[in-house]
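Open the model in your viewer and keep the selection tool ready. We will go stop by stop.

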Amino acid sequence: MKIALYPGSFDPITLGHLDIVKRASSVFEHLVIGVLNNHAKTPLFSVEERVKILEEVMKDIPNVSIGSFEGLTVNYASEVGATVIVRGLRAITDFEFELQLSQTNRKLNPEIDTMFFTTSEEFAYLSSTSVKEIAHFGGPFEQFVPDSVIPYIKEKYKKI
């Protein structure tokens with residue numbers, strides 16, 4: 001079975017992320033979404049909350065599962081049996097960073113490749129950071145995230 005890993009913070013998941021998931025899940029037999037616990041960042045949602053939200057969003061995509069990890073992505077890929085890491089590209093600046101990362105990962109584990117999916121045009125500008133900023137200032141963020149994510153974001157910003 002060909003397994004791929006789509007790692008990221010997903011804080012929160014956007015329609016751009018969902019676009020990559022749908023496309024990658026049609027290419028691979030199984031897609032694992034790996035939620036990174038990055039101690040260098042202060043996320044809006046805890047890892048547990050992000051996993052729960054992703055499980056809800058992905059419930060209708062049968063060959064997708066959700067997990068969380070710390071540390072090196074290639075180690076988690078090996079742990080879940082993935083031979084491919086999926087990454088989304090929005091712009092040339094993403095490519096430069098992602099190319100360097102994929103080459104480093106390949107050096108760390110030559111058994112794991114990286115496959116890049118370019119974002120669909122309508123999501124090329126979208127990031128979790130911009131969604132959080134728009135929501136923080138009361139802007140119309142709803143158009144950028146799956147419907148089931150909207151109440152979670154609204155609840156977080158009520159508390160801030």
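## A tour from Ser9 to Ile112

Select Ser9: this residue is partly exposed, with a relative accessible area of 23%. The cut-offs explain the label, because buried means under 20% and exposed means over 50%. Keep in mind that the model is predicted.

Now look at the backbone around Ser9. The residue lies in the loop that runs between β1 (3-8) and α1 (15-27). Show its contacts next. Leaving out residues up to four places away in sequence, Ser9 touches Val35, Leu36, Lys41 and Arg50.

**Next stop: the annotated set.** Select Ser9, Lys41, Thr73 and Arg87 together. An unreviewed UniProt entry lists these four under "binding site". Ser9, Lys41, Thr73 and Arg87 also belong to the lining of the largest pocket.

Pick Thr73 out of that set. Thr73 is found in helix α3, which covers residues 73-80. With residues up to four places away in sequence set aside, Thr73 touches Leu5, Pro7 and Ile85. Remember Ile85; it returns at the last stop.

**Next stop: the pocket.** Display the largest pocket. About 1,100 Å³ of space lies in it. The lining has 41 residues, and the closest to the pocket's centre are Pro7, Gly8, Ser9, Arg87 and Glu98.

Which elements each supply at least two residues of this lining? Select β1, α1, β4 (84-89), α4 (92-108) and α5 (128-136) to see them. Then highlight α4 alone. The largest share of the lining, eight residues, comes from α4.

Colour the lining by residue class. You should find 15 nonpolar, 18 polar and eight charged residues.

**Last stop: Ile112.** Move to the loop between α4 and β5 (113-118), where Ile112 has its place. Is Ile112 buried or exposed? Ile112 is buried, because its relative accessible area is 3% and buried means under 20%.

Show what surrounds Ile112. Not counting residues up to four places away in sequence, Ile112 touches Val74, Ala77, Ser78, Ala82, Thr83, Val84, Ile85 and Arg106.

Finish by drawing a distance from Ile112 to Ile85. They are 27 residues apart in sequence, and their C-alpha atoms are 7.1 Å apart in space. Ile85 is thus a shared name on two contact lists: Thr73 touches Ile85, and Ile112 touches Ile85.

Key: Residues numbered from 1 in each chain as written. Predicted model: local features only at pLDDT ≥ 70, side-chain atom pairs only at ≥ 80, totals over all residues. Heavy atoms only, no water. UniProt positions renumbered as here; feature names shortened; annotations may be inferred. 1 Å grid on protein atoms, 1.4 Å probe; cavity = no way out; pocket = protein on both sides within 12 Å on 5 of 7 lines; lining within 4 Å. Helix = DSSP H or I, 4+ residues; strand = E, 2+ residues; numbered from the N terminus. Buried < 20%, exposed > 50% of the residue type's maximum accessible area, 1.4 Å probe, protein only. Contact = heavy atoms within 4.5 Å. Points joined across faces, edges and corners; volume = space filled by probe spheres on them. Nonpolar A, V, L, I, M, F, W, Y, C, P; charged D, E, K, R; others polar.
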